[in-house]
Amino acid sequence: MSKAKFTVTAALPYANGPLHLGHVAGVYLPADIFVRFLRMNGHDVAFICGSDEHGAAITLRAKKEGITPSEIVDKYDGIIRKAFQDFNISFDIFHRTSSEIHHKTSQDFFLKLYENDKFTEETSEQYYDEEFQQFLADRYITGECPKCQNPNAYGDQCEKCGASHNAIDLINPKSSITGLSPELKKTTHWYLKLDSHQPFLEDWILKSHKLDWKPNVYGQCKSWLDDGLKPRAVTRDLDWGVPVPLESANGKVLYVWFDAPIGYISSTIEWAKNNNKNWEKYWKDPETELIHFIGKDNIVFHCIIFPAMLKAEGS
């Protein structure tokens, strides 16, 4: 631990419900202990967190409760924020992905990748719930796994055999919102060329981090790399989120798993602005160590997709 400057992030809690004690024990308390240790030893630390406030789950909860998505995230951000204060977790900033600075940072990030030809634009058929009047996110489609025949597989992954797939691969798909069989409709989205970053990620993960990453983190990443990375959509058809900053993208937002990790950066920008600091020293200086505290479900996004996004952005 020779580096003097650290950016430490704790997974952004989803503003769709109160904080769970298991999350505190598994992510936030260990992160806080580590940060306090660094500070006691004279290191320069930015301890970053905030509410993750976009995605289909929030719109669904809002519809069920008869209120707006904005009211949902305001409610749960307040509850989560107070819980962290009561636990005395020492974040330097606890920000929000619904903030203006986050929207701008995410849109600028998207545009830089778009202008540098880091995306493909693809039109495909995706499941649409006619009664709910919405395209369905992968987690809101269930059906029979095409590999192990588990009848309760999700649209992106089977929890039983661990296989990842596309929603259209499911047998007898159902909308988990209405229970009806969804219909296929054409829609256009932008995909990050994740496969073009395979050589970089193999070198960076399999060679550079074999000894210092936890075995389950390394193993899950290796499994994805061994299977071969594929382009991944970074936009969604939804009316709640960061609008895609293109004229041809009306009614589309950035996929929550594209904008959420950018929330670490936008939060750092806001913190630095309020404390007369240079945020770039915490994200672009090669002498700064970046450390994520996350749950196991977030491994792929933090260890494969976010690094590929940063590599594609270039700075």
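## Second largest pocket

Helix α8 gives the most to the lining of the second largest pocket, with 8 residues. The model is predicted. This pocket has a volume of about 1700 Å³. Its lining counts 45 residues. Nearest its centre lie W204, L290, I291, H292 and L310.

Several elements each supply at least two lining residues. They are α1 (21–40), α4 (100–115), α5 (198–207), α6 (215–227), α7, β13 (288–293) and α8. By class, the lining of the second largest pocket has 23 nonpolar, 10 polar and 12 charged residues.

## Cavities

The structure also holds 3 cavities of 30 Å³ or more. The largest cavity has a volume of about 60 Å³. Lining this cavity are L192, L194, R232, A233, V234, Y255, W257, F258, I305 and M309. Three elements give two or more residues to that lining: β10 (232–233), α7 (256–274) and α8 (299–313).

The class count for the largest cavity is 9 nonpolar, no polar and 1 charged. Helices α7 and α8 appear here, and both also supply residues to the second largest pocket.

## A three-stranded sheet

One open sheet has 3 strands in the order β7-β6-β8. The pairing is antiparallel. Strands β7 (153–154) and β8 (171–175) form the edges, and each pairs on one side only.

Strand β6 (residues 141–144) is joined to β7 by 2 bridges. These two strands run antiparallel. T142 has Y154 of β7 as its bridge partner.

Definitions and conventions. Residues numbered from 1 in each chain as written. Predicted model: local features only at pLDDT ≥ 70, side-chain atom pairs only at ≥ 80, totals over all residues. Heavy atoms only, no water. Pairing = 2+ DSSP bridges. Helix = DSSP H or I, 4+ residues; strand = E, 2+ residues; numbered from the N terminus. 1 Å grid on protein atoms, 1.4 Å probe; cavity = no way out; pocket = protein on both sides within 12 Å on 5 of 7 lines; lining within 4 Å. Points joined across faces, edges and corners; volume = space filled by probe spheres on them. Nonpolar A, V, L, I, M, F, W, Y, C, P; charged D, E, K, R; others polar.
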